[in-house]
Amino acid sequence: MLTKDELPFCPVATTVDLIGSKWKLLIMRELLTGTKRFSEIHRALDGVSQKVLTQSLRKMEEDRSIIRTVYPEVPPKVEYALSDLGNSLRPIIDAMQSWGIDYIQNTIDQTTTNQ
């Protein structure tokens, strides 16, 4: 986690640092529906490698936007969930989803109108 002095001065840049990568944002989208295991997240994110997913999850845990819970069993069971900080980003992700739906619909409408 960045210290106060290491955070960007711009609040938008700070937010982008937390959710700015494609994979972080999509991981958060998956965790908005509840706690997931690594394999569930991996299956839901088409195209992400295990290495990149692991790195993203570690960074998100370090930033305190997710909580990683390890259960003492064999084989090991690990679950990921949004923290309170991660959950506080829900309105931003919901707004992005709404905007994306509108954009897709407008693109489809323009395509059919121009034909």
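Helix axes are taken here as lines fitted to C-alpha atoms over the stretch in contact, with angles running from 0 to 180 degrees between N-to-C directions. In the predicted model, the axes of helix H2 (residues 22-31) and helix H4 (residues 50-62) approach within 10 Å and cross at roughly 75°. Because angles of 65 to 115 degrees count as roughly perpendicular, H2 is assigned as roughly perpendicular to H4. On the H2 side, the contact is formed by Trp23, Lys24, Ile27 and Met28, and on the H4 side by Val52, Leu53, Ser56, Leu57, Lys59 and Met60. By residue class, this contact comprises 7 nonpolar, 1 polar and 2 charged residues.

Ser65 is located in the loop between H4 and strand E2 (66-71). With a relative accessibility of 1%, Ser65 is classed as buried. Apart from residues up to four places away in sequence, Ser65 touches Met28, Met60, Leu82, Ser83, Leu85 and Gly86. Two of these residues, Met28 and Met60, also take part in the contact of H2 with H4.

Ring interactions were examined next. The count of aromatic pairs comes to 1. This pair is formed by Trp99 and Tyr103 and is stacked, with a distance of 5.3 Å centre to centre and 10° between the planes. Both residues belong to helix H6 (residues 90-113), where Trp99 and Tyr103 are 4 residues apart, about one turn of the helix. Trp99 has a relative accessibility of 57% and therefore counts as exposed. In addition, the charged end of Lys77 is positioned over the ring of Tyr71, at 5.0 Å from the ring centre.

Conventions:
Residues numbered from 1 in each chain as written. Predicted model: local features only at pLDDT ≥ 70, side-chain atom pairs only at ≥ 80, totals over all residues. Heavy atoms only, no water. Helix = DSSP H or I, 4+ residues; strand = E, 2+ residues; numbered from the N terminus. Parallel < 35°, antiparallel > 145°, perpendicular 65-115°, else oblique. Contact = heavy atoms within 4.5 Å. Nonpolar A, V, L, I, M, F, W, Y, C, P; charged D, E, K, R; others polar. Phe/Tyr/Trp six-rings, centres within 6.5 Å; stacked < 30°, edge-to-face > 60°. Buried < 20%, exposed > 50% of the residue type's maximum accessible area, 1.4 Å probe, protein only. Lys NZ or Arg CZ within 6 Å of the ring centre and 35° of its normal.
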